[in-house]
Amino acid sequence: MQKVGILGGGQLGRMLLQAAANYPVETYVLENDAHAPAAHLCHHFVKGDIRDYEAVYNFGKGLDALTIEIENVNVEALEALEKEGVKVIPHPSVLRTIRNKATQKKYYTDHQIPTSPYLLTHNIQELAEQQAFFPAVHKIAEGGYDGRGVQIINNEADVPKGFDALSVLEKLVDVEKEIAMMIAVGQSGEIAIYPAVQMVFDKTLNLLDFQLCPAEIEEKTYWKAEAIALTTVKNFNSPGIFAVELFVTPGGEVLVNETAPRVHNSGHHTIEAHYSSQFDMVWRILLNYPLGSTDAVLPSVMLNIIGKEGYSGDAVYEGLDEMLKIENAFFHLYGKRQTKPGRKMGHVTIISNERADLLHQANKIKHGLSVIARD
């Protein structure tokens with residue numbers, strides 16, 4: 001039984017632990033919230049701050065391997081543990097590059113990976129001086145997640161919405177489709193690629209609303225996207241699972257938007273819709289087993305279950321009984337006790353050979369299931 005630790009106890013940690021039950025592994029979780037979604041599913045729960053050096057270092061000592069479910073961790077502690085022989089996947093060097101959007105963008109330009117034109121701003125005043133670059137997207141360099149830390153700056157009037165800290169200002173590009181590719185890299189460098197998904201975002205919350213797999217894009221665009229995603233991942237020189245989010249322009253140009261060095265929202269459908277899920281794949285990598293099959297069992301759509309606007313408090317899933325009658329829908333509720341507007345509370349994956357059926361059922365669930373708060 002190998003001892004493997006996960007830094008972070010949110011829904012990604014929860015689903016990693018659900019997959020871990022199939023393997024000979026003793027699981028450890030470091031998380032500040034004793035009621036976090038992953039807290040009760042691991043063999044050993046340690047309460048602590050994943051951003052604190054001592055907490056991470058002491059947690060990792062004596063473990064065979066460590067992984068993450070969020071990038072905002074203490075990288076210095078992981079570097080120390082790696083030097084002492086603990087297997088850290090992905091390598092801390094990857095986290096140093098990716099967790100800061102400014103260094104992430106530099107990584108793309110350093111490796112000639114196509115991405116949106118950008119510049120850096122350090123405060124609101126610098127942002128105000130870049131009106132010739134508008135319209136643009138302002139992304140805070142560190143700390144943003146699930147749509148937070150992102151603002152669209154169309155003109156001078158939007159400048160106060162920006163961030164008074166180191167941020168990336170990306171030129172707003174004409175996007176026809178947003179796609180994502182999950183890529184698994186084994187400890188010996190072997191690679192497995194999941195089919196691309198097509199993502200549709202909630203424009204108000206700036207987070208994923210639903211996605212379709214496989215993505216509907218031209219074959220030549222697909223191969224271009226795959227080559228770019230592979231280049232992005234290979235240059236990290238690290239095992240792990242990576243989500244590469246890409247823009248496809250009306251002219252067929254492909255640009256890397258962002259990369260996540262971990263299991264990701266854009267891979268949740270793989271639990272039911274693919275032979276080896278992204279979560280299963282992580283354990284194969286951590287335990288140095290052969291990579292699983294990324295082939296699809298059936299086409300799918302994945303829909304996020306989001307806390308309804310205007311409700312904060314103890315979560316109530318209104319309409320769940322009726323939605324559970326849908327035969328080809330698989331519900332994952334994350335066990336979060338409290339809901340608030342825009343909070344990810346779960347997801348649903350629907351599988352079917354009929355694209356029309358996928359979209360119909362997704363629309364039915366979107367309008368028939370609400371996460372509200374108990375009075």
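**T221.** I looked up T221 to begin with and found it buried, at a relative accessible area of 7%. The model is a predicted one. I placed T221 in helix α7, which covers residues 219-234. Setting aside neighbours within four places in sequence, I noted V248, G252 and V254 as the contacts of T221.

**Whole chain.** I then turned to the chain. How many helices and strands does the secondary structure of the chain come to? I read 11 helices and 21 strands. I compared the radius of gyration with the rule for a compact globule: 375 residues would give a value near 21 Å, and the chain has 20 Å, so the two agree. Along the principal axes, I found that the C-alpha atoms fill a box of roughly 60 × 50 × 50 Å. I recorded 55% of the 375 residues as buried. For contacts between residues at least 6 apart in sequence, I noted that 63% join residues at least 24 apart.

**α2 and α3.** I took this helix pair next. Two packed helices are described by the angle between their axes and the distance between the axes. For α2 (residues 53-60) and α3 (residues 75-83), I have an angle of about 30 degrees and axes 8 Å apart. Angles under 35 degrees count as roughly parallel, so I entered α2 as roughly parallel to α3. I logged the crossing of α2 past α3 as right-handed. Which residues of α2 meet α3? I listed Y53, V56, Y57 and G60 on the α2 side, and E76, A77, L78, A80 and L81 on the α3 side. Sorted by class, this contact of α2 with α3 gave me 7 nonpolar, 1 polar and 1 charged residues.

**N74.** I looked at N74 because it is buried, with a relative accessible area of 10%. I found N74 in the loop between β4 (65-68) and α3. Its contacts, without the neighbours within four places in sequence, are I50, R51, D52, Y53 and V56. Of these, I had already listed Y53 and V56 among the α2 residues that meet α3. I also checked N74 against H111: the two are 37 residues apart in sequence, and their C-alpha atoms are 26 Å apart in space.

**α1 and α9.** I went on to a second helix pair. Helix α1 (residues 11-20) packs with α9 at an angle of about 65 degrees, and I have their axes 8 Å apart. Angles of 65 to 115 degrees count as roughly perpendicular, and I therefore entered α1 and α9 as roughly perpendicular to each other. I logged their crossing as right-handed. From α1, I listed L12, M15, L16, A19 and A20 in the contact; from α9, I listed F279, D280, V282 and W283. I counted the residues of this contact of α1 with α9 by class as 8 nonpolar, no polar and 1 charged.

**Backbone.** I kept one entry for phi and omega values. Most residues other than glycine have a negative phi, and most peptide bonds are trans. Where are the cis bonds I noted? One joins I89 and P90, with omega about 0 degrees. I placed P90 in the loop between β5 (87-88) and α4 (92-98). Another cis bond runs from C213 to P214, with omega near 5 degrees. I placed P214 in the loop between β13 (207-213) and α7. T221, my opening entry, lies in α7.

I then noted positive phi values. Q112 is not a glycine, yet I read its phi as positive, about 55 degrees. I found Q112 in the loop between α5 (101-110) and β6 (118-121). Is Q112 buried or exposed? I entered Q112 as exposed, at 66% relative accessibility. N288, also a residue other than glycine, has a positive phi near 60 degrees. I placed N288 in the loop between α9 (278-286) and β16 (300-306). I entered N288 as partly exposed, with a relative accessible area of 43%.

**L324.** I closed with L324, in the loop between α10 (320-323) and β18 (329-333). I recorded L324 as partly exposed, at a relative accessible area of 48%. From L324 to T232, I have 92 residues in sequence and 39 Å in space, C-alpha to C-alpha.

Key
Residues numbered from 1 in each chain as written. Predicted model: local features only at pLDDT ≥ 70, side-chain atom pairs only at ≥ 80, totals over all residues. Heavy atoms only, no water. Axes fitted to C-alpha atoms, helices over the stretch in contact; angles between N-to-C directions. Helix = DSSP H or I, 4+ residues; strand = E, 2+ residues; numbered from the N terminus. Parallel < 35°, antiparallel > 145°, perpendicular 65-115°, else oblique. Left-handed = near helix turned anticlockwise from the far one by under 90°. Contact = heavy atoms within 4.5 Å. Nonpolar A, V, L, I, M, F, W, Y, C, P; charged D, E, K, R; others polar. Rg over C-alpha atoms; globule rule 2.2 N^0.38 Å. Buried < 20%, exposed > 50% of the residue type's maximum accessible area, 1.4 Å probe, protein only.
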